Amino acid sequence: MPSLVGHGTSAFPAGNDLKEIIAGKSDKHGEIRSNGESTPQKRRSTSGSPISPPSPMKWKSPRRCINASPTTPPNEIEKDSGDKLARSRKTPVKKLADSFLAKSNWNPRDTKQMSAVKEVLHVSTAPSTVVCREDEQNRVLEFCKACVEQEKAGSLYACGCPGTGKSLSIEKVKQLLLDWATEAGLQPLDVLSITCTSLTNTSEIFSKILGKHQPRKKVNGSISPLQHLQKLYSQKQQSSGMKMMLIIADELDYLITKDRAVLHDLFMLTTVPFSRCILIGIANAIDLADRFLPKLQSLNCKPTVVTFRAYSKEQILRILQQRLMALPYTVFQPQALELCARKVAAASGDMRKALCVCRSAIEMLEVELKESTSILNLSSVEKGVFDRRTAPTLEFVTKQEIDIVRVDHMVVALSRTYRSPIVDTIQSLPQHQQIILCSAVKLFRMRKKETTVGELNKSYVDICKASLIPPVGILELSSMCRVLSDQGLLKLGQSREEKLKRVTLKVDEADITFALQGVRFFRNCLQ
Amino acid sequence: MGRENPAEEALILLRSRLCNPNYIFTPFSDSPDSNYSKLKFIISSSVTEACNNSILLLGPRGCGKIAVLELVLRDLLVEHPDMISVIRLNGLLHSDDNCALKEIARQLCVEHQLLFSKMVSSDDNSQFMIAMLQECGLAHKTIIFVLDEFDLFTQGKQRLLYSLLDAMQSVTSQAVVIGVSCRLDADQILEKRVRSRFSHRKLLFLPPSKEDLQRLLEHILSLPTDSSLPHDYAVEFNAKLHNILGDERFKEILNTLSSSDSTVNHLLRFLFRAVCHMNLESGFLSLENFKSALSSVQRQPKLECLQADCSILELYILVCMKRLEVKEENSYNFNSVMKEYKAIHDSFRTPDYYARNVCLRAFEHLLQRELICFTDNRGHNQSVEYRPVKLLISSQELYQGLKSSRSCPVS
């Protein structure tokens, strides 16, 4: 990261199109730090020439198109460029560097700053604007607006993988809709948001809807809430009329029962002639409407389907940057963020995972900090004893400031999240259990898909005899098989006789071979 | 008084140490890379920064997951006295959602001295839990949920897991969810919604390495020199212990022990037996203690039965059955065994030839002791003589039993 010495250096004129960028920065804490890291930009300075910051106009447009979301206030950009910083010339490749160029250093030792960073990256902090979902939000909003204006009922189904921002977007739409209704002077809406996992009985949802409509009226016990609602909706409204109700049902697939009655009835409520509810259902399955509500098709009132696709790499990157923009200092190296976005997008496109990995990387940084502080403390104690030779090394350690999350932190965090503990566990199993796994692999290689404990025993005894290890008895073997099946490495079937229990391998053969390749005995065994 | 007392005292001290998991796992907590410090770091940072977190502790049974967790919780309760409350659930008891919600509500009531009513519906229970989470969030108190046997909570629709992890997604609540499981793929069996809300932190508990094992043994078995025990006795004890631990034969014993089961629990049971065998007169541990402990750990009941209890005739019958099996007869019954017996008697001219009734009696003895059994459970109508039987012990065991039987004629 470019750093400051003193006031800053001049910017070169436009004709020069080298990748040189001179940034002068004032460090927040007034310290002078030298930078041992390699930076993406080279540094050149001439002595004595005055600073001439280029005009702010030149800087606005590129920044706006990269980092600004539709609702970023324009003064934010001015504030940054109004700083005492001399801006750089950008090359098209280094656009990402902009977002961190203008910011000052982050001091990870400051607990307030650290907790601020962690808060910004926490899953539960809802951002003020939901980036990358404007399209879907607009669709839902338009649908709701149309329903409210025409005072008609309608149903919508939002689907997508977990972590794609469905609940978040629908919340925003709800807010926007309420605001719009008050602005346009229409009757305000009633809103009912339920998460269907909290319903003990699936038909409770109807009593909840009824409760919202008529909060003070006691429910008549003779007819069910569903019938009550249907009756309510089939009568033409009086002059005062009921308010439109927006029902948001999250995790809709919990309502699916064997006869699919509840889900069906819920959607049918919107088709009743004088119905006043707008139903928005959220779930993961894309074809929920087709599979579970076929009759609606025939009635020509299938719900509108809005699909929330999994995030792509660019979208994840944008969302992360938008969150980090709120902080006045840089936390991540841009390559680290890119790596995270790429990996998560390739795996699942789940935003929660990306945030989790980023927080994990920050924790790696914290651990590294702790270790280096302890090393420094140790070395400062012994400093008096050492002679000059070792002094440069100590200086180097102090100079290598750890104030940004680097790619290696991110790599460790990613591997921790995506790695399965199977290989480690197999490597640390006791010897006989490893032999059991090997004998299972050998058996399965030959022909079958599953075998019995008795055959496993035979194979195990053969291997033991071949290598002069005394085998354990069948009782101990079966208890070891049980331990392995507890851990999820084998699967043991049920049988009255111990020897006839079926055994299948739950772990990939390649994993076992990989885990045990360090030991020559197993290598020969598994050849 | 006299020399008996320090030995007894030492024995009591060692036994109480071996039964106390807190003592066992404290040496592991010193190194910064250990699971203890990682767990402590995660939980304490969640508590101090008031953010939500979830973590999974994985490892084979008996590796000390719950012990380390309890250690961490105890230390944290000392450090932050009023900021933590712990709710413990077990997958074996509370895997049903309603049951689990009730238990959570009950424990919350106990913690905060509220009245708990058993008649409350599960809906109210879950609302109570969410309300408590919000209240505690406002009061900056963190609730730590410990879910033991985590994989058993994933049966069914995983409602409880979903509602717990979902509550942690909101800003108002402050909670940490710690799942403990012995299944390595515990997070793969979660539903994808629940998995997305889980923060994918896993701590793997592995059995200790050889160096760790040495350190652990020293830590457990060395007597403290500055306690109520006489000083020279303790020093001599420790010196002798050190010799034993460095002995090659002891290392072999350890190897044999850990080649079938290398968890800490197993080791502790072995040490307990060894310590109990300690000679109270001399007051010191010896290598023989460990050897006898090893043999009591690795018992072979059928072999013992063969060596100790079987009479000659019974051994004969077993040998006949073995020979029949070697001749590849798939099913044989008592009559064929008798024929074989007669054949042996004729060919080897042994002096012990018993009458049929006596043989039948011996046969029934073997059946009772489960050294042989019937191949199927049907023919209850037939008499014992005609039902097909088979051997339940392997040829190796038979051979060993024959070798070690004292009064067996050579053959």
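**Chains A and B: a working chat**

Me: How many salt bridges does the rule find across the interface of chain B and chain A?
Reply: Five salt bridges cross that interface. Keep in mind that this is a predicted model.

Me: Which residue does A:Glu251 form a salt bridge with?
Reply: The partner is B:Arg193. Their closest N and O atoms are 2.8 Å apart.

Me: And how many residue pairs are in polar contact?
Reply: The count between chain B and chain A is 15, with both residues at pLDDT 80 or more.

Me: Which element of chain B gives the largest share of the side that touches chain A?
Reply: That is α8(B), with four residues. Several elements of chain B supply at least two residues each, among them α3 (35-49), α6 (122-138) and β5 (201-204).

Me: How do the residues on that side of chain B divide?
Reply: 13 are nonpolar, 14 are polar and 15 are charged.

Me: How many residues are in contact on each chain?
Reply: 42 residues of chain B are in contact with 49 of chain A.

Me: What area do the two chains bury between them?
Reply: About 4100 Å². Carbon and sulfur atoms account for 48% of it.

Me: New topic. What is the strand order in the open sheet of chain A?
Reply: The order is β6-β8-β7, three strands with antiparallel pairing. The edge strands are β6 (451-452) and β7 (490-492), each pairing on one side only.

Me: How many bridges join β7(A) to β8?
Reply: Three bridges join β7(A) to β8 (residues 502-505) of chain A. In β8(A), A:Val503 is the bridge partner of A:Leu492.

Technical notes
Residues are numbered from 1 along each chain as its sequence is written. Chains are lettered from A and ligands numbered from 1 in the order in which they are written. This is a predicted model: local features need pLDDT of at least 70, side-chain atom pairs count only at pLDDT 80 or more; totals for chains, interfaces and linings use all residues. Side-chain values use heavy atoms; hydrogens and water are left out. Contact means heavy atoms within 4.5 Å. Buried area is the accessible area (1.4 Å probe) that two parts lose on being put together, summed over both. A salt bridge is a side-chain nitrogen of Lys or Arg within 4 Å of a carboxyl oxygen of Asp or Glu. A polar contact is a pair of N or O atoms within 3.5 Å; within protein, one must be able to donate a hydrogen and the other to accept it, and residues adjacent in sequence count only if both atoms are side-chain atoms. Ala, Val, Leu, Ile, Met, Phe, Trp, Tyr, Cys and Pro count as nonpolar, Asp, Glu, Lys and Arg as charged, and the others, Gly among them, as polar. Two strands pair if DSSP finds at least two bridges between them.
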